[in-house]
Amino acid sequence: MKAADLKLSELVDFEEGRLNLHGRRLVLHDLHAFAQLRKDLIETVGADGARSVLTRFGYFWGQADAAAMKRIFEWDSLSDLVLAGPRMHTIQGVVKASVRSLDIDESTGRFRMELTWHGSGDAEEHVIEMGRSDAPVCWMMVGYASGYASFCVNREVYFVERTCAGKGDPVCTAVGMDRESWGAELKTFLPFFQAEDVRGKVLELTRKLREQGRELAKQRQKLRLLGGEQPAGLVEVHSASFRKVVELAARVAPYDTSVLITGESGTGKEVLARYIHANSHRSKGPFVGVNCAALPETLLESELFGHKAGAFTGATRDRVGLFEEAQKGTIFLDEIGDISLAMQMKLLRVLQEREIRRVGESAPRKVDVRVITATNQNLAMAIQEGRFREDLYYRLRVIEIEVPPLRSRLEDILHLARHFCRVFARKLKIPNLRIDATCVDYLQSYNWPGNVRELENAIERAAVLSKDGLILPEHLPANVVHPILGPPGLVSPLSRKLSDIEKDHIQTVMRLVGDNRTRAARALGISPATLWRKLKQMNEEADGRS
């Protein structure tokens, strides 16, 4: 999980009378009311007393959010978990936070983070009731950042505000460091953070929320068994690999050069072809696509080039082919690797002469089209095996764009899933369709052999099965949530030993979690020590056989 992928609508369940962040109740507060509270606190207990109360309030809030982030998600790194704090502050409407720098040394416990806060709610509250201050006033935000970071790294981390909009500075900035790194400078600020065992309270709250989550899952399972759950009635690119693909497509789009798009089935080759067409000078012309593998050779020739009435049985009238339909536009030939050698020869002539001949006619017809082709086959290998013409290959492959599989585009999975949520919200008329945060790790750890098409189908299935538009893990296909299940019946159970099945299961889980032993042990339901022992035994057996 990455901090930038956090989305409020997937974290919070918005119900009338109750807002829930996975078991933790939230309440919306009015900024002007909080400004009045701040004023009352200052007038009642003094500025220092009010600062202590609000700093501690923010500290507990930050610790609670950090606990929620650790409880709900599997994070790629400790840094990603820490970065989720400013992101949570932002999506909750407190402030627009940006991270200027972050340095964590897990071996020594050293921590340093610099933040910039734009549009501070703290500063605005203070100015509304108290006017401009002589010192920084973002007390709750400082407390939040300190509590969040301290919980994440399990050490005392304190933030100090350096500049503040509440005293007339352009923006608010803060620096956070571990207690040892601050040294004597911290003595001035430490009293405002002192409170009773906040971390212990948060850990106890986290334990209770986990228990409630397990109980809720049991209740959902009972409802399903009783039939209580009834079915309810080019996206943003983040991965570097797919960004390069889009950039290349954008560069070749203005030219009529032939493009060959390669990649596994379901990766979105036709979507990319449409993107190239839409960004070309032919965008006002038609885009005509055909799956060459779906038609036998005799019909394919008629589909592409058209035919004259009486050319063959059933040809009762003249028919315009797809090349002519695509005049002044683009024709997209998908699965080009599946056409016959005879058809390849005819296509080569079209590319060379820019003319077609309808079936049953002798006179050629000029065509002005751009040709984009796609295949999931290795055409170079097909040439060696004599299944594909080398001259046609080089005609089609002036520019080759390889679309990476979804499993190598982890950063795009969540954004694609959200895109499909919006699509099916309109299509299925489920206005509040959204993905629950507990689905994220399943979506990002699954291998997606069917690529984007499989993800789209999974979200559609989940949308149909969701209740009140909330997609939960149990609504996803079983092989996504439990990828070890795989296709049944590949190997007879009678032919395998229990130890072999266990070994394969462990190896598969280790691969799915990127060899992270802690996550693997959790997924397997065993302790890390037990997993370590089993892996050691497996390695010793492998060494003994070699």
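**Note on aromatic pairs, cysteines and asparagine 451**

1. Phenylalanine 34 is buried, its relative accessible area being 13%. This value comes from a predicted model. Its ring partner phenylalanine 57 is partly exposed, at 39%. The centres of these two rings, phenylalanine 34 and phenylalanine 57, lie 6.0 Å apart with the planes at 50°, so the pair is classed as tilted. Both residues belong to a cluster that ring pairs form from Phe34, Phe57, Trp61, Tyr144 and Tyr148.

2. The count of aromatic pairs comes to eleven. One of them joins phenylalanine 287 and phenylalanine 332, with centres 6.1 Å apart and planes at 25°, so this pair is stacked. Phenylalanine 287 belongs to strand E9 (residues 287–291) and phenylalanine 332 to strand E12 (residues 330–334), so the pair ties together parts 45 residues apart in sequence. Both of these phenylalanines are buried.

3. Two arginines lie over ring faces. Arginine 51 is placed over phenylalanine 192, at 4.0 Å from the ring centre, and arginine 409 over phenylalanine 242, at 3.7 Å.

4. The number of disulfides is zero. For cysteine 439, the nearest cysteine sulfur belongs to cysteine 421 and is 8.9 Å away; a disulfide would require the sulfur atoms to be within 2.5 Å, so cysteine 439 is in none. Cysteine 439 is buried, with a relative accessible area of 0%, and cysteine 292 is buried at 3%.

5. Where does asparagine 451 lie? Asparagine 451 is in helix H17 (residues 451–465) and is buried, at 0% relative accessible area. Its side chain makes a polar contact of 3.1 Å with the side chain of glutamate 264 and reaches the backbone nitrogen of leucine 406 at 2.9 Å.

Note on methods: Residues are numbered from 1 along each chain as its sequence is written. This is a predicted model: local features need pLDDT of at least 70, side-chain atom pairs count only at pLDDT 80 or more; totals for chains, interfaces and linings use all residues. Side-chain values use heavy atoms; hydrogens and water are left out. Buried means under 20% relative accessible area, exposed over 50%, partly exposed in between (1.4 Å probe, protein chains only). Helices (H or I, at least four residues) and strands (E, at least two) are DSSP runs, numbered from the N terminus. A polar contact is a pair of N or O atoms within 3.5 Å; within protein, one must be able to donate a hydrogen and the other to accept it, and residues adjacent in sequence count only if both atoms are side-chain atoms. Rings of Phe, Tyr and Trp (its six-membered ring) pair if their centres lie within 6.5 Å; planes under 30 degrees apart count as stacked, over 60 as edge-to-face and the rest as tilted. A charge sits over a ring if NZ of Lys or CZ of Arg is within 6 Å of the ring centre and within 35 degrees of the ring normal.
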